Amino acid sequence: MPCAKRASNMVSKPRLFLDTSTLFSGIWSAEGGARMLLRLGEAEVVQLLISPQVLREIEEVVRRKAAKYLPALAVLIDRSHAGVVAAAPQTLLERCQGMVAHPGDAQILADAWYSQAGFLVTLDRAHFLGTPGLASQLSFLLGTPGDCLAWLRAQLIDLSTPPLN
């Protein structure tokens, strides 16, 4: 427990914005990177962020594909301490609509940007990961749950390396 307590008291927790595909993967599979991110949120090692758009989409997807998991969705979101961020202003949404063709994904991108997330975690290869040049236009990182976990590991290694004198 002492290590977990110390980690949760770090000055600045990484802010991770989860899109619908990542959240669905996290509830659908008890293993994998997306579920690990939910566990890190539960341990308060990271700050998980979702938006009203993500909540609308995930509820619709779960109702359509696996309605029996709706209660698990609510529990996992609560346990992971995922914070619901405000929707982005129209000007930012319009900017993101020029980067991502799908309207819902443009909203998610704008919301992640507006929330000042450090990482947008997605499995959406069609609209996010497969969009040439998108990542270079962003002020935050964009990648899969596995990419995010690798980035988090690197951050922890940097914290544990003593400075050279």
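Where in the chain is the place of Gln116? I will come back to that residue in a moment, but let me say at the outset that what we are looking at is a predicted model. The answer is that Gln116 sits in the loop between α7 and β4, the strand at 119–121.

Let me begin with the overall layout, for those who are new to this structure. The protein chain contains nine helices and five strands, and if you read along the sequence, these elements follow the pattern α-β-α-α-β-α-α-β-α-α-β-α-β-α. The chain has 165 residues, of which 44% count as buried. When we take the contacts in the chain with a separation of 6 or more, residues 24 or more positions apart account for 66% of them.

Now to strand β1, and to one residue in particular. Leu16 lies in β1, which covers residues 15–18, and because its relative accessible area is 0%, under the 20% cut-off, Leu16 counts as buried. Leaving aside residues up to four places away in sequence, Leu16 touches Leu37, then Val46, Gln47, Leu48 and Leu49, and also Phe119, Val121, Cys148, Trp151 and Leu152. As for Gln47 from that list, the C-alpha atoms of Leu16 and Gln47 are separated by 6.1 Å, although their positions lie 31 residues apart along the chain, counted as a separation. Cys148, another of the residues that Leu16 touches, is itself buried, with a relative accessible area of 0%.

From there I would like to go through three pairs of helices, starting with α2 and α3. The axes of α2, residues 20–28, and α3 come within 7 Å and cross at roughly 90°, which makes α2 roughly perpendicular to α3. On the α2 side the contact is made by Thr22, Leu23, Ser25, Gly26 and Ile27, and on the α3 side by Ala34, Arg35 and Leu38. Divided by class, the residues of this contact are four nonpolar, three polar and one charged. Helix α3 itself spans residues 33–42, and its buried residues are Ala34, Arg35, Leu37, Leu38, Leu40 and Gly41. Just after α3 comes Glu44, which takes a positive phi of about 60°, and I will return to that kind of angle before I finish.

The second pair is α4 and α5, covering residues 52–66 and 70–79, whose axes come within 9 Å and cross at roughly 145°. Here Leu55, Ile58, Glu59, Val62, Arg63 and Ala66 in α4 meet Leu70, Leu73 and Ile77 in α5, and the residues of the contact divide into seven nonpolar, no polar and two charged. One of these residues, Leu55 in helix α4, is partly exposed, with a relative accessible area of 28%. Not counting residues up to four places away in sequence, Leu55 touches Ile50, Ile77 and Val84. The C-alpha atoms of Leu55 and Asp19 are separated by 9.2 Å, and these two residues are 36 residues apart along the chain.

The third pair is α6, residues 90–97, with α7, residues 103–114, and their axes come within 8 Å and cross at roughly 125°. The two helices are therefore oblique to each other, and the crossing is right-handed. The contact brings together Leu92, Leu93, Arg95, Cys96 and Gln97 of α6 with Ala106, Gln107, Leu109, Ala110, Trp113 and Tyr114 of α7, and by class it has eight nonpolar, two polar and one charged residues. Cys96 has a relative accessibility of 0% and so counts as buried. As for disulfides, the structure holds zero of them.

Finally, let me return to the backbone angles. Most residues other than glycine have a negative phi, and against that background I would point to His81 and Gln116. His81 is placed in the loop between α5 and β3, the strand at 83–84, and its phi is near 60°, a positive value in a residue other than glycine. At 44% relative accessibility, His81 counts as partly exposed. Gln116, the residue I opened with, likewise has a positive phi of about 60° although it is not a glycine. Is Gln116 buried or exposed? With a relative accessible area of 65%, Gln116 is exposed.

Note on methods:
Residues are numbered from 1 along each chain as its sequence is written. This is a predicted model: local features need pLDDT of at least 70, side-chain atom pairs count only at pLDDT 80 or more; totals for chains, interfaces and linings use all residues. Side-chain values use heavy atoms; hydrogens and water are left out. Axes are lines fitted to C-alpha atoms, for helices over the stretch in contact, and angles run from 0 to 180 degrees between N-to-C directions. Helices (H or I, at least four residues) and strands (E, at least two) are DSSP runs, numbered from the N terminus. Angles under 35 degrees count as roughly parallel, over 145 as roughly antiparallel, 65 to 115 as roughly perpendicular and the rest as oblique. A crossing is left-handed if the near helix is turned anticlockwise from the far one by less than a right angle, and right-handed if clockwise. Contact means heavy atoms within 4.5 Å. Ala, Val, Leu, Ile, Met, Phe, Trp, Tyr, Cys and Pro count as nonpolar, Asp, Glu, Lys and Arg as charged, and the others, Gly among them, as polar. A disulfide is a pair of cysteine sulfur atoms within 2.5 Å. Buried means under 20% relative accessible area, exposed over 50%, partly exposed in between (1.4 Å probe, protein chains only).
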